[in-house]
Amino acid sequence: MSSVPGVGLSIRCEELVYIYCTGDVDVVAVRGVDLDVDAGERIALLGPSGSGKSTLLGMLGGLIPPSAGRAWIGDDEIGGLTERQLLRMRADRVGFVLQGAARNLLPYGTATDNVRFAQRSISRARRSDLLQPLALLDALGLADIADQPMATLAGGEQQRVALAVAVANGPGLLLADEPTSQLDEPARDAVLDLLEAVNERFGTTIVVVTHDEEVGRRLGRTVSMRFGQVGHEGRKDGQFTVVGKDGSVHLPDEILAEWPPGTRVVVELDADHVRLTRRHP
Ligand code: ADP
Ligand code: MG
């Protein structure tokens, strides 16, 4: 694919918080996330179910407004944008794959219609840069079903069409919530190949929520959430625990399994090592 210079959008989150207010109980789903992603970077967002991944993605895509804290997509602070500006941002610059593929799609249209529909708002000048719908569907192994209505497709096919729709405009940022959850390995690999190609061609910044370690490995940088906070980061050069603003550190899962919350530990600094010793009651 020929290259169009970087339109990638950076992400910056400062103490981002989201609280679901549902009748009597408030659920703090995201509790103070600080995160920086460079323009054109590719990251995987990992973490157990309920750790706040989808909620964080929803804020970054402007679908739900932060309860507290601030987030910037490129130069725009999302809390400062009007509803109309947010719609424009999602139509032109941010591709979003919601969890549960079919929620993104026009059910009566064909796969090709859905991709074309996503490209309708792009100016004529930029249109020549875009991927052709059939080429895009072909890259995902969907050439054979390009003219079938969405409602007749299998879940894994719908999921890939949703991804094709989300990247159809060569977005500056792609936010994809578990885009490979219904795919077998070859289909998943086709998705990863396409994400790399889109990243290279458009400079697209890519954030993928996933449970699949291979997806994390291919994307290069992993950010892990637990209880609404970022606890770990992984890059090609190793795995790191991130010290929170309140001084907390997330223990790796295998240690947490041995040392449940409430365990008392002695923390000692010894040259450039920190030693944690369990104190038995
Ligand atoms: P993940 O995507 O990591 O599984 P979510 O962001 O979906 O996590 O959820 C984070 C927390 O917020 C969970 O405790 C979940 O039960 C809660 N939650 C998610 N959506 C809603 C909602 N619409 N109303 C109330 N609570 C919600
Ligand atoms: Mg989720």
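Student: How many of the eight residues of α1 are buried?

Tutor: Good place to start, and keep in mind that this is a predicted model. Buried means under 20% relative accessible area. The residues of α1 that pass this test are Lys 53, Thr 55, Leu 56, Leu 57, Gly 58, Met 59 and Leu 60. Helix α1 is therefore mostly covered, and its count of buried residues is seven of eight.

Student: Is Ser 54 of α1 buried, partly exposed or exposed?

Tutor: Let's use the cut-offs: under 20% is buried, over 50% is exposed, and partly exposed lies in between. Ser 54 has a relative accessible area of 32%, so this residue is partly exposed.

Student: Which residues are the protein donors of the magnesium ion (ligand 2)?

Tutor: A donor here is an N, O or S atom within 2.8 Å of the metal. Two protein atoms lie 2.1 to 2.4 Å from the ion, one an OG and the other an OE1. They belong to Ser 54 and Gln 99.

Student: How many residues apart in sequence are the parts that this pair ties together?

Tutor: Look at where each donor sits. Ser 54 lies in helix α1 (residues 53-60), while Gln 99 is in the loop between β6 (94-97) and α3 (111-118). Gln 99 is partly exposed, with a relative accessible area of 34%. Because the donors come from these two places, the pair ties together parts separated in sequence by 45 residues.

Student: Which element gives the most to the shell around ligand 1?

Tutor: The shell includes Tyr 20, Val 27, Lys 53, Ser 54 and Thr 55. At least two of its residues come from each of β1 (11-22), β2 (25-37) and α1. With three residues, the element that gives the most is α1.

Student: How many charged residues does the shell around ligand 1 have?

Tutor: Sort the shell by class. Four of its residues are nonpolar and seven are polar. Lys counts as charged, and Lys 53 is in the shell. The number of charged residues is one.

Student: How much of the accessible area of ligand 1 does the protein cover?

Tutor: Start with some contacts to oxygen atoms of ligand 1. A backbone N or O atom of Gly 50 lies 2.7 Å from one, and a polar side-chain atom of Thr 55 lies 2.5 Å from one. On its own, ligand 1 has 560 Å² of accessible area, and the covered share is 63%.

Student: How is the aromatic pair of Tyr 18 and Tyr 20 arranged?

Tutor: A search of the whole structure finds one aromatic pair. The centres of Tyr 18 and Tyr 20 are 4.8 Å apart, with 70 degrees between the planes. An angle over 60 degrees counts as edge-to-face, so the arrangement of this pair is edge-to-face.

Student: Which of these residues is buried, Tyr 18 or Tyr 20?

Tutor: Compare each value with the 20% cut-off. Tyr 20 is partly exposed, with a relative accessible area of 32%. At 12% relative accessibility, the buried residue is Tyr 18.

Student: How far apart in space are the C-alpha atoms of Asp 34 and Glu 15?

Tutor: Asp 34 lies in strand β2 and is partly exposed, at 32% relative accessible area. Along the sequence, Asp 34 and Glu 15 are 19 residues apart. In space, C-alpha to C-alpha, their separation is 5.3 Å.

Methods: Residues numbered from 1 in each chain as written. Chains lettered and ligands numbered in written order. Predicted model: local features only at pLDDT ≥ 70, side-chain atom pairs only at ≥ 80, totals over all residues. Heavy atoms only, no water. Donors = N, O, S within 2.8 Å, 3.2 Å for Na, K, Ca; no water. Helix = DSSP H or I, 4+ residues; strand = E, 2+ residues; numbered from the N terminus. Buried < 20%, exposed > 50% of the residue type's maximum accessible area, 1.4 Å probe, protein only. Near = heavy atom within 4 Å. Polar contact = N/O pair within 3.5 Å; in protein donor to acceptor, adjacent residues only side chain to side chain. Areas by Shrake-Rupley, 256 points an atom, 1.4 Å probe, with all protein chains shown as cover. Phe/Tyr/Trp six-rings, centres within 6.5 Å; stacked < 30°, edge-to-face > 60°.
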